[in-house]
Amino acid sequence: MSDRRVVIVTGGAKGIGYACVRRFYEDGDRVVIADHDSEAGQAALDRLGAPAKQVIFVPCNVADKLSVHNLVAQTLNSFGRIDVLVNNAGIILKGGSLDLSVEDFDTVLSVNLRGAFLVSSAVAKHMVQILDDNDDRSGRTRCQYAIINMSSVNAAVAIPNILAYAVSKGGLNQLTKAMALELAPYGIRVNSVGPGSIKTDMMAGVAEDQKTLDMVLSRTPLGRIAQPDEVASVVAFLASGDASYITGECIYVDGGRLALNYVMAKKE
């Protein structure tokens, strides 16, 4: 059991986060579901049906430093180490520069960007301490540590009425690059994944509105909304030894959206 990796997934109770939890669990890893919603977190545990020795739930507000400290402490108390962090926790509040309140702007950035920084910083310090204490310079051991941030296509393009979300994801990509450079000497890899249109609660209304669905598909060359598992597969790859020479990158899981400089014609 001790040779299995320990993975923290923030925002792990639903959607892409839960898909990541399930993927790591199925791969044999020990997983910590971190989420601010205790009811949803317990429901995720029940749905997964995993033994407590392999998956636990820890309530966590990633924007709160004390809550993050508790997350790391409970993870270490339960599993003894941390090998992989997936910063998936995120929120959207609608509004642009003319109508978005300062409070809502701050709320989005506190979760999406400050939260990722707080958890990444706490986990990276643990990883570095382990490497220094063991004086471990072996490539195999050093490449086992990975941080993956959940970005978005909105880090590269923008929708005006989700201004704070787009800003937070752009900042998250820069956080990814800066931390990747800082942690590279330790062999700790930091990357991000940028989903496009994924079938989650955030997209729940789209499939029910044909006009909106047509609009979404018109900007998606593959012509469909992706499943959360498809994002989780890329996260699992970036956390694996197969991605041992990849750091500071963002892989977009967007069905070709960012490559498109027009709209796709609807097939009759």
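Two residues are in contact when heavy atoms of one lie within 4.5 Å of heavy atoms of the other. The legends below use the word in this sense. The model is predicted.

**Figure 1. The whole protein chain, with its 8 helices and 7 strands.** The radius of gyration is 18 Å. The globule rule also gives 18 Å for 268 residues, so the chain is as compact as a globular protein of that length. Along its principal axes, the C-alpha trace spans about 60 × 40 × 40 Å. Now look at contacts with a separation of 6 or more. Of these, 73% join residues 24 or more positions apart.

**Figure 2. Surface, interior and charges of the protein chain.** How much of the chain is buried? Buried residues make up 49% of the 268 residues. The accessible surface comes to about 13,100 Å². Carbon and sulfur atoms account for 53% of that surface. The chain carries 26 positive and 29 negative charges. The mean positions of these two sets are 4 Å apart.

**Figure 3. The largest nonpolar core, with 34 residues.** Which residues have the most contacts inside this core? They are Val9, Phe24, Ile148, Val193, Val231 and Val235. Several elements each supply at least two core residues. The strands that do so are strand 1 (6–10), strand 2 (30–35), strand 3 (55–59), strand 4 (84–87) and strand 5 (146–150). The helices are helix 1 (15–26), helix 2 (38–48) and helix 8 (228–239). Another core lies apart from this one and has 33 residues. Among them are Ile56, Ile82, Ala124 and Leu183. In soluble globular proteins, nonpolar side chains tend to be buried together.

**Figure 4. Val193 and the residues around it.** Set aside the neighbours within four places in sequence. Val193 is then in contact with Ile148, Asn149, Met150, Ser151 and Ser152, among others. Its contacts also include Val231, Val234, Val235 and Leu238. Cys250, Ile251 and Val253 are on the list too. Ile148, Val231 and Val235 appear with Val193 among the residues with the most contacts inside the largest core.

**Figure 5. Val31 in strand 2.** Is Val31 buried or exposed? Its relative accessibility is 0%, so Val31 counts as buried. Beyond four places in sequence, Val31 touches Val7, Val9, Val21, Phe24 and Tyr25, among others. Gln54, Val55, Ile56 and Phe79 are also touched by Val31. Leu213 is 182 residues from Val31 in sequence. The two C-alpha atoms are 34 Å apart in space.

**Figure 6. Gln54 in the loop between helix 2 and strand 3.** Gln54 has a relative accessibility of 9%, so this loop residue counts as buried. Gln54 is one of the residues that Val31 touches. Tyr252 is 198 residues from Gln54 along the chain. Their C-alpha atoms are separated by 30 Å.

**Figure 7. Val128 in helix 4 (residues 102–134).** Val128 has a relative accessible area of 15%. Buried means under 20%, so Val128 is buried. Which residues does Val128 contact, leaving aside neighbours within four places in sequence? They are Leu183, Tyr186 and Ile188. Leu183 is among the residues of the 33-residue core. Asp64 is 64 residues from Val128 in sequence and 22 Å away in space, C-alpha to C-alpha.

**Figure 8. Leu217 in helix 7 (residues 210–218).** Is Leu217 buried or partly exposed? Its relative accessibility is 24%, so Leu217 counts as partly exposed. Leaving out residues up to four places away in sequence, Leu217 touches Gly223, Arg224, Ile225 and Met264. Leu217 and Met264 are 47 residues apart in sequence. In space, their C-alpha atoms are 7.6 Å apart.

**Figure 9. Ser240 in the loop between helix 8 and strand 7 (250–253).** Ser240 has 17% relative accessibility, so Ser240 counts as buried. Which residues does Ser240 contact beyond its neighbours within four places in sequence? They are Arg5 and Arg189.

Definitions and conventions: Residues numbered from 1 in each chain as written. Predicted model: local features only at pLDDT ≥ 70, side-chain atom pairs only at ≥ 80, totals over all residues. Heavy atoms only, no water. Helix = DSSP H or I, 4+ residues; strand = E, 2+ residues; numbered from the N terminus. Rg over C-alpha atoms; globule rule 2.2 N^0.38 Å. Buried < 20%, exposed > 50% of the residue type's maximum accessible area, 1.4 Å probe, protein only. Areas by Shrake-Rupley, 256 points an atom, 1.4 Å probe, with all protein chains shown as cover. Lys, Arg positive; Asp, Glu negative; His and termini not counted. Charge placed at Lys NZ, Arg CZ, Asp CG, Glu CD. Core = buried A, V, L, I, M, F, W, Y, C linked by side-chain atoms within 4.5 Å.
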